[in-house]
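Here is a short tour of the empty spaces and one sheet in this structure. Keep the model open beside the text as you read.

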Amino acid sequence: MAREVLVVLHSGRGKNRRTASAIARRLAEAGIRLRVLADEWAEVECDGLPDDLVPRTVDGLPGCADGAEVVLVLGGDGTLLRAAEMARPVGVPLLGVNLGHVGFLAEAEQESLDSAVEAIIDGTYAVEERMTVDSVVRLNGTVLNRSWALNEVAVEKGSRERILEVVLEIDGRPVSGFGCDGVLCATPTGSTAYAFSAGGPLVWPQVEAMLLVPSNAHALFARPMVISPSSHVAIEVDPNGPSALMDCDGRRTVELPPGARVELARGAVPVRMVRLDGQPFADRLVRKFDLPVRGWRGAPHTG
């Protein structure tokens, strides 16, 4: 039975499709077959492969990566978050190759694609677990929705005209209430995404914590908070105010009626990510954000 790799592709660019074709041929040379999504692969040309190594289509539903060695993500962060839905339930690691813009979640860039593919072939990569956030929406004790996020769960106002009034609860105790555009509960992985744009801190992925980041809050005490990963958070929506929205990773959205309660806790199931070169997170920050480091002389030498 051939080894298999699931490829999740941002197929909107011709360059991406050509890259996917080249990867299919290189992996086939190594006896590795691709799983692909039919709509993404419709315009990818990879004729001439042996019959037993022709890419086979899967449905793209959660768990469709079951039995694959790796999910190879060709695109940006949005593509990786989509792939995480397929990989997380079955514990298959994600290897992101940035073919987009910033691509902060990606492990490799276009120029290092060849070495990333060789690492898959040789099995020379490490895997780390990234914590997630589980969410439960209740109304008067009735569960309306259950979901999860790798980056963040955002509770946001449903209309531009109305301020969202919320009360925050941490570990069963009220902490603060205020009007705002929204509140984010982010993981360290998500600290460089929406939470960063909302004024939250950057948190190294190795740190286990949850971030609470109010967005445009009308209150003196509405600063970002870094809390224990074992804490339980609740965001209560004013029962006399407008409805709101809960958005998980920009992928899964549910309407929150007035009086809804969003309960958040560390996810029961992490997302597994491939690491290739052990590059320090500081180097990634500098590269992705083009940070100024000129003048750095390094640690003083002793001896």
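The largest cavity in this predicted model has a volume of about 130 Å³. Its lining counts 14 residues, and F104, R130, P205, F281 and R284 are the closest to the centre. Below you will find more on this cavity, then the other spaces, and finally a sheet.

**The largest cavity**
- Strand β7 (126–130) and helix α6 (281–289) each bring at least two residues to the lining of the largest cavity.
- Sorted by class, the lining of the largest cavity holds 6 nonpolar, 4 polar and 4 charged residues.

**The second largest cavity**
- How many cavities of 30 Å³ or more does a search of the whole structure find? The search gives 2.
- The second largest cavity has a volume of about 40 Å³.
- Around the second largest cavity you will find A84, A87, R88, G91, V92, L94, P270, V271 and R272.
- Helix α3 (77–87) and strand β20 (271–275) each contribute at least two residues to the lining of the second largest cavity.
- In this lining, 6 residues are nonpolar, 1 is polar and 2 are charged.

**The largest pocket**
- For the largest pocket, the volume comes to about 160 Å³.
- Its lining is made of D77, G78, L81, F104, L105, N151, T189, T192 and A193.
- F104 is worth selecting in your viewer, since this residue lines the largest pocket and is also among the residues closest to the centre of the largest cavity.
- The lining of the largest pocket splits into 4 nonpolar, 4 polar and 1 charged residue.

**An open sheet**
- Moving on to the strands, 6 of them build an open sheet with antiparallel pairing, in the order β9-β8-β19-β16-β11-β12.
- Why do β9 (142–149) and β12 (173–180) each have one side without a neighbour in the sheet? Both stand at the edges with a single partner strand, so that side is left free of a neighbour.
- On average, neighbouring strands of this sheet are turned by 20° against each other, with direction ignored.
- Within the sheet, β8 (residues 133–139) and β19 (residues 261–266) run antiparallel and are joined by 6 bridges.
- To see this pairing at the residue level, look at S135, which stands opposite L264 in β19.

Key: Residues are numbered from 1 along each chain as its sequence is written. This is a predicted model: local features need pLDDT of at least 70, side-chain atom pairs count only at pLDDT 80 or more; totals for chains, interfaces and linings use all residues. Side-chain values use heavy atoms; hydrogens and water are left out. Two strands pair if DSSP finds at least two bridges between them. Helices (H or I, at least four residues) and strands (E, at least two) are DSSP runs, numbered from the N terminus. Axes are lines fitted to C-alpha atoms, for helices over the stretch in contact, and angles run from 0 to 180 degrees between N-to-C directions. On a 1 Å grid over the protein atoms alone, a cavity is a set of points where a 1.4 Å probe fits but cannot get out, and a pocket is an open set with protein on both sides within 12 Å along at least five of seven lines; lining residues have an atom within 4 Å of a point. Grid points are joined across faces, edges and corners, and a volume is the space filled by probe spheres set on the points. Ala, Val, Leu, Ile, Met, Phe, Trp, Tyr, Cys and Pro count as nonpolar, Asp, Glu, Lys and Arg as charged, and the others, Gly among them, as polar.
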